[in-house]
Amino acid sequence: MCWLARLPELTLVTAPPLAVLVGWLELPGPGTTATVADVSVLVALVFCWAAAVERLTARRRQRRPAEHAARVRHPSPAPAVPLRRGRTPITAGLLLLGAAVFAVVQGVGGTVADRHHAHRAERITARVLGHGEESVRLRAGDGRLLTLSASSPGGYRRGSTVTVLEDGTWRRLLAEPYDASGRQLLGLATGLPGGSMLLTGLLARRRAAALRGVPVPVLRVLERADEPPRDRCVGACLNTAARRTAPWQASAGDPLEGIKAPSRTHT
């Protein structure tokens, strides 16, 4: 939904491959509930793709009359202060992507190290003495007391026998391999918004550079200064009767404040 709101172009490209993957890998589902969920995902992807097409089409429809009405192009004026479009989302996106890369590297490194230790480890038998919130207390065959982490300690009955892998000071239960799901979730939670923010910032910078690099459409408008001179109106250049104009109040320090002038045309 974030891509649909901020980057409809990206939605237009990514929605079809995702729909193909869901249809190929997930359908038919193992049960009615899974099938309904997968079909709902497909319907959502189709809806997002159609909404992105409509948004881009509407953007082109809105731009075409403005370009036709302008008839004149002129280089963009230099801004009063430097405008660094996209700096904030690019910075935030890079930070989030850095966190995602760190989480993925930690997860992959932990999995590789666990496999390496498990391949060299010696298997010993231990008896379960009890368990805590995230650990089990064991007594090894040689009488040593061990406390090892476990994802579901309640599943180990007191008095039962378990197998422990031991490689020097490294130990774990045979049935409790390294779990990288937390780091994977962190990578997903930071990588997706980070990528979206980075793309949004790069797109904003690219569009700003495009506006500065080529002449842009210019509309000719009619400005009218009334009494008091702080009240001014602007409208179409052919609207000499000043119908349906857009008034605004001049701000303090406005260089046009105090100027009394008849209706005049600006480009």
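Trainee: Why is Asp167 called buried?

Mentor: In this predicted model, Asp167 has a relative accessible area of 17%. Buried means under 20%, so Asp167 is counted as buried.

Trainee: What makes Asp167 and Arg120 a salt bridge?

Mentor: Their side chains meet at 3.0 Å, N to O. The cut-off is a side-chain nitrogen of Lys or Arg within 4 Å of a carboxyl oxygen of Asp or Glu, so the pair of Asp167 and Arg120 qualifies. Asp167 lies in strand 5 and Arg120 in helix 4, so the salt bridge ties together parts that are 47 residues apart in sequence.

Trainee: How do you know that Glu166 and Arg144 form a salt bridge?

Mentor: The N to O value for the side chains of Glu166 and Arg144 is 2.9 Å. That value is within 4 Å, so the pair is a salt bridge. The pair links distant parts of the chain, with Glu166 in strand 5 and Arg144 in the loop between strand 3 and strand 4, 22 residues apart.

Trainee: Are Glu166 and Arg144 buried, partly exposed or exposed, and why?

Mentor: Glu166 has 12% relative accessibility, which is under 20%, so Glu166 counts as buried. Arg144 has a relative accessible area of 28%, which falls between 20% and 50%, so Arg144 is partly exposed.

Trainee: What makes Arg171 a salt-bridge partner of Glu166?

Mentor: The side chains of Arg171 and Glu166 meet at 2.7 Å, N to O. Since the cut-off is within 4 Å, this pair is a salt bridge because its value satisfies that limit. Arg171 is partly exposed because its 30% relative accessibility lies between 20% and 50%.

Trainee: Which residues are linked with Glu166 in a network of salt bridges?

Mentor: Asp142, Arg144 and Arg171 are linked with Glu166 in that network. The structure holds six salt bridges.

Trainee: Why is Ser149 called exposed?

Mentor: Ser149 has a relative accessible area of 57%. Exposed means over 50%, so Ser149 falls in that class. Ser149 lies in strand 4. Leaving aside neighbours within four places in sequence, Ser149 is in contact with Glu134, Ser135, Leu173 and Glu176. Ser149 and Glu176 are 27 residues apart in sequence and 8.2 Å apart in space, C-alpha to C-alpha.

Trainee: Is Asp114 buried or exposed, and why?

Mentor: Asp114 has a relative accessible area of 11%, which is under 20%, so Asp114 is buried. Asp114 is found in helix 4. Leaving aside neighbours within four places in sequence, Asp114 is in contact with Trp170, Arg172, Pro177 and Tyr178.

Notes. Residues numbered from 1 in each chain as written. Predicted model: local features only at pLDDT ≥ 70, side-chain atom pairs only at ≥ 80, totals over all residues. Heavy atoms only, no water. Helix = DSSP H or I, 4+ residues; strand = E, 2+ residues; numbered from the N terminus. Buried < 20%, exposed > 50% of the residue type's maximum accessible area, 1.4 Å probe, protein only. Contact = heavy atoms within 4.5 Å.
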